[in-house]
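Work through the exercises below with the sequence and the model open side by side. Each task is followed by a solution in steps.

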Amino acid sequence: MNYKIYDQLPQEAKEIRIKVFMEEQGFKDEFDDLDDLCQHLVVFGNNQPIGTCRFYYDEYLK
């Protein structure tokens, strides 16, 4: 297992979030302005994206 951190929302993260939050959990507005401020971590297993999260530092929101 490995991971990559991106400065912009990568396609792999979009696909996971659509599947999990929109299709499985019914969220309508999964993507927001924070995506542009965040870093995005994608975890890979067998070279396939299997998880994602976004994070930011509080100083970017001030």
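The exercises go from the overall fold to salt bridges and then to a loop. The model is a predicted one.

**Exercise 1. Describe the fold of the protein chain: which elements does the chain have, and in what pattern do they follow along the sequence?**

Step 1. Count the elements: the protein chain has two helices and three strands.

Step 2. Put them in sequence order, which gives β-α-α-β-β.

Step 3. Consider the extent. Along the principal axes, the C-alpha atoms fill a box of roughly 40 × 30 × 15 Å.

Step 4. Consider the contacts with a separation of 6 or more: 52% of them are between residues 24 or more positions apart.

**Exercise 2. State what share of the residues counts as buried, and what the exposed surface consists of.**

Step 1. The protein chain has 62 residues, and 23% of them count as buried.

Step 2. The exposed area is about 4,900 Å², of which carbon and sulfur atoms supply 48%.

Step 3. For charge, count 7 positive and 13 negative side chains. The centres of the two sets are 3 Å apart.

**Exercise 3. Find the salt bridge of R17 and explain which parts of the chain it ties together.**

Step 1. Recall the principle: side chains of opposite charge can pair when their charged atoms come close.

Step 2. Apply the cut-off, a side-chain nitrogen of Lys or Arg within 4 Å of a carboxyl oxygen of Asp or Glu. The closest N and O atoms of R17 and D35 are 2.8 Å apart, and the two residues form a salt bridge.

Step 3. Locate the partners. R17 belongs to helix 1 (residues 11-24) and D35 to helix 2 (residues 34-37), so the salt bridge ties together parts 18 residues apart in sequence.

Step 4. Check the burial, for which the limit is under 20% relative accessible area. R17 has 5% and is buried; D35, at 6%, is buried as well.

**Exercise 4. Follow D35 to R54, then name the network to which they belong.**

Step 1. The side chains of D35 and R54 meet in a salt bridge with an N to O distance of 2.9 Å.

Step 2. This pair links distant parts of the chain, D35 being in helix 2 and R54 in strand 3 (residues 48-55), 19 residues apart.

Step 3. R54 has a relative accessible area of 29% and is partly exposed, whereas D35 counts as buried.

Step 4. Together with E30 and D32, the residues R17, D35 and R54 are linked in a network of salt bridges. The count for the model comes to five salt bridges.

**Exercise 5. Describe the salt bridge between K19 and E23: where do the two residues lie, and how exposed are they?**

Step 1. The N to O distance for K19 and E23 is 3.8 Å.

Step 2. Both residues lie in helix 1, four residues apart, or about one turn of the helix.

Step 3. K19 is partly exposed at 44% relative accessibility, and E23 is exposed at 56%.

**Exercise 6. Examine phi of N46 and N47, and say where these residues are found.**

Step 1. N46 has a positive phi, near 55 degrees, and is not a glycine. N47, also not a glycine, has a positive phi of about 65 degrees.

Step 2. N46 lies in the loop between strand 2 (39-45) and strand 3, and N47 is found in the loop between strand 2 and strand 3.

Step 3. N46 is exposed, with a relative accessible area of 77%; N47 is exposed at 66%.

Definitions and conventions. Residues numbered from 1 in each chain as written. Predicted model: local features only at pLDDT ≥ 70, side-chain atom pairs only at ≥ 80, totals over all residues. Heavy atoms only, no water. Buried < 20%, exposed > 50% of the residue type's maximum accessible area, 1.4 Å probe, protein only. Contact = heavy atoms within 4.5 Å. Areas by Shrake-Rupley, 256 points an atom, 1.4 Å probe, with all protein chains shown as cover. Lys, Arg positive; Asp, Glu negative; His and termini not counted. Charge placed at Lys NZ, Arg CZ, Asp CG, Glu CD.
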